[in-house]
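This report looks at how some strands pair and how two helices pack. The model below is predicted.

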Amino acid sequence: MIIAIDGPSGAGKSTLGKMLAKALDLLYLDTGAMYRAVAMAVIRKGVAFDEKQKVVEIAEKSKIELIGEPDSLKILLDGKDVTAEIRTLEVAQSASVVSTISEVRRIMVEHQRTLGRNAPKGCVLEGRDIGSVVFPHADLKFFLTAKPEARARRRFEEDKAKGRQSTYEQTLTEINERDERDVSRQDSPLTIAQDAVVIDTSELDLREVFEQMLGAVSKAKGETA
């Protein structure tokens, strides 16, 4: 079973994707982490992000692996664990820039498709274009969304808990800028697939959203049985 989860930054995709993969015993693929790994590789090589051809070459040559259980997923870049390093604000912002490069997206999409198809029991993939581009024929598609203010508040609280220095206003600005890049890029812009189950998480807690998603999975399984 292939389950696609799309949505803007801070809507809860990662947390809920992990919960769903764990509950259904499926492989979990954080596609955003893959773009972060590419950004990390570019930073390490000292290449400017506006040198697109060099960035594309780095994306082509980088070996990115996702291993482990959903709750302890590790991201390896050329054999080295970069799970913690790619979660910095610098890498997150750089990944947003990298993801606007069409050639990089095509490389990542093929990599994601390969990983998904090779998963023994199926997988849960989350990102920005999973249901619309990577797996348009996924068994089930979700689009999680929320008001920018709600997403910024969640992200700010997460950063605060992890000891990262930021303000709510700064986080909201970053969320809005990321949204603008996601919806306006030429290649694979953030969009809602026609057959996606749309859930607004603004006023819901994780458990409520998770129950809705499990209900949709049960219904999808019944329809395909």
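## Strand pairing

Strand 7 and strand 8 (residues 197–200) run parallel, joined by 4 bridges. Within this pairing, Phe143 has Val198 of strand 8 as its bridge partner.

Strand 7 also pairs with strand 1 (residues 2–6). These strands run parallel too, and 4 bridges join them. Here Ile3 is matched with Leu140 of strand 7.

## Burial of strand 7

How many residues of strand 7 are buried? The strand spans residues 140–145, and 5 of its 6 residues are buried. Strand 7 is thus mostly covered. In a regular strand, side chains alternate between the two faces of the sheet.

## Packing of helix 7 on helix 8

Helix 7 covers residues 148–161 and helix 8 covers residues 168–184. The two pack at an angle of about 125°. Their axes lie 9 Å apart. Because of that angle, helix 7 is oblique to helix 8. The crossing of helix 7 past helix 8 is right-handed.

## The helix contact

Which residues of helix 7 and helix 8 make the contact? Helix 7 contributes Pro148, Glu149, Arg151, Ala152, Arg153, Arg155 and Phe156. From helix 8 come Tyr168, Thr171, Leu172, Ile175, Asn176 and Asp179.

The contact is mixed in character: 6 of its residues are nonpolar, 2 are polar and 5 are charged.

Methods
Residues are numbered from 1 along each chain as its sequence is written. This is a predicted model: local features need pLDDT of at least 70, side-chain atom pairs count only at pLDDT 80 or more; totals for chains, interfaces and linings use all residues. Side-chain values use heavy atoms; hydrogens and water are left out. Axes are lines fitted to C-alpha atoms, for helices over the stretch in contact, and angles run from 0 to 180 degrees between N-to-C directions. Angles under 35 degrees count as roughly parallel, over 145 as roughly antiparallel, 65 to 115 as roughly perpendicular and the rest as oblique. A crossing is left-handed if the near helix is turned anticlockwise from the far one by less than a right angle, and right-handed if clockwise. Contact means heavy atoms within 4.5 Å. Ala, Val, Leu, Ile, Met, Phe, Trp, Tyr, Cys and Pro count as nonpolar, Asp, Glu, Lys and Arg as charged, and the others, Gly among them, as polar. Buried means under 20% relative accessible area, exposed over 50%, partly exposed in between (1.4 Å probe, protein chains only). Two strands pair if DSSP finds at least two bridges between them.
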